[in-house]
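Me: I keep reading labels like "buried" and "salt bridge" and I'd like to know what earns them. Can we go through this structure label by label?

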Amino acid sequence: MELSGTSTLNKLVLLFVFDKMDVPITENTIMEMCTYSNNWFTYMDCKQALAQLLETGFIYQSTHEQNIYFSITPDGRMCLANFYMRIPTSLRTEITEYIKENRMTFRRKQEYFRTYNKNADGTYTVQLKIIDPVSTTLEIKLNVANRHTAKTVLNKWEEKAAQVYYALYEMLID
């Protein structure tokens, strides 16, 4: 890999983000962290760096439940270790603190899927899932009376998914 200019810094920053998150992450999560919530680089620069890291084998992608997840490879970790110092200390600190504060929020957004659809009879079906990059851990479909109830369930899912899973597991396994 030829090292020069901003493109290289963008790729190193992305590798650093992958390393700090330490879990597979979706493109939407990457974009939200790097471009929307922070101005570490532009949307197009992020897309380009992501594609180049994938092409060079420094990250890889896997697909599950129609979601594409990206992870750092051992070669990516080695590259980051060799060129870590090219990322300004202030930026490394900012990224580390941001990820430490927001890791669980981003994981929940990726792992706790939720949606609803209107049925022919006027009721709503709410679909709730806990997804990890390898498999679906839990999937629940609820039929509710109205749209307001469906939205209420959706809003509570991110906060309550782990508790629901634990309660079901305990009741059914013990």
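Me: How many salt bridges turn up when the whole structure is searched?

Reply: Five of them. Keep in mind that this is a predicted model. Side chains of opposite charge can pair when their charged atoms come close.

Me: What makes Asp 19 and Arg 77 a salt bridge?

Reply: Check the distance. Their closest N and O atoms are 2.4 Å apart, and the cut-off is within 4 Å, so the pair gets the name. Asp 19 sits in helix H1 and Arg 77 in helix H4 (residues 74-83), so this salt bridge ties together parts that are 58 residues apart in sequence.

Me: Why are Asp 19 and Arg 77 called partly exposed?

Reply: Partly exposed covers what lies between the 20% limit for buried and the 50% limit for exposed. Asp 19 has a relative accessible area of 26% and Arg 77 has 35%. Both values fall in that in-between range, so both residues get that label.

Me: And how do you know that Asp 22 and Arg 77 form a salt bridge?

Reply: Same kind of check: N to O is 3.7 Å for this pair, and that is within 4 Å, so it counts. Asp 22 is in the loop between H1 and E1 while Arg 77 is in helix H4, and the two are 55 residues apart.

Me: Which residues make up a network of salt bridges?

Reply: Asp 19, Asp 22 and Arg 77 are linked in one. Arg 77 pairs with Asp 19 and also with Asp 22.

Me: Is Asp 22 buried or exposed?

Reply: Exposed. Its relative accessible area is 54%, and exposed means over 50%, so it passes. Asp 22 has another quirk: its phi is positive, about 60°, although it is not a glycine. The loop it belongs to runs between helix H1 (5-21) and strand E1 (25-26).

Me: What makes Glu 158 and Arg 114 a salt bridge?

Reply: Their closest N and O atoms are 2.9 Å apart, which is within the 4 Å limit, so yes, the name fits. This pair links distant parts of the chain too: Glu 158 is in helix H6 and Arg 114 in strand E4 (residues 112-118), 44 residues apart. Glu 158 has 21% relative accessible area and Arg 114 has 32%. Neither is under 20% and neither is over 50%, so both are partly exposed.

Me: Why is Thr 29 called buried?

Reply: Its relative accessibility is 5%. Buried means under 20%, so Thr 29 qualifies. It lies in helix H2 (residues 27-36) and touches Phe 106 and Gln 110, leaving aside residues up to four places away in sequence.

Me: How do you know that Asn 10 is buried?

Reply: Same test, with a value of 7%. That is under 20%, so Asn 10 is buried. Asn 10 lies in helix H1, and if you skip residues up to four places away in sequence, it touches Phe 41, Asp 45 and Ala 49.

Me: How much of the chain is buried?

Reply: Buried residues make up 37% of the 174 residues.

Me: Now the other extreme: why does Leu 172 count as exposed?

Reply: Its relative accessibility is 68%, and the label needs over 50%, so Leu 172 is exposed. You'll find it in helix H6 (residues 147-173). Leu 172 also belongs to a nonpolar patch on the surface, together with Tyr 165, Tyr 169, Met 171 and Ile 173. The patch adds up to about 560 Å² of accessible area.

Me: What does the chain look like as a whole?

Reply: It has six helices and six strands, in the order α-β-α-α-β-β-α-α-β-β-β-α along the sequence. The C-alpha trace spans about 60 × 35 × 30 Å along its principal axes. The accessible surface comes to about 10,200 Å², and 50% of that belongs to carbon and sulfur atoms.

Me: And how many charged side chains are there?

Reply: There are 19 positive and 20 negative ones, and the centres of the two sets lie 5 Å apart.

Definitions and conventions. Residues are numbered from 1 along each chain as its sequence is written. This is a predicted model: local features need pLDDT of at least 70, side-chain atom pairs count only at pLDDT 80 or more; totals for chains, interfaces and linings use all residues. Side-chain values use heavy atoms; hydrogens and water are left out. Patches are made of residues with over 30% relative accessible area and no salt bridge: like charges are joined within 9 Å, nonpolar side chains (Val, Leu, Ile, Met, Phe, Trp, Tyr) within 5 Å. Accessible areas come from the Shrake-Rupley method with a 1.4 Å probe; for residues, only the protein chains shown count as cover. A salt bridge is a side-chain nitrogen of Lys or Arg within 4 Å of a carboxyl oxygen of Asp or Glu. Helices (H or I, at least four residues) and strands (E, at least two) are DSSP runs, numbered from the N terminus. Buried means under 20% relative accessible area, exposed over 50%, partly exposed in between (1.4 Å probe, protein chains only). Lys and Arg count as positive and Asp and Glu as negative; His and the chain ends are not counted. The place of a charge is taken as NZ of Lys, CZ of Arg, CG of Asp or CD of Glu. Contact means heavy atoms within 4.5 Å.
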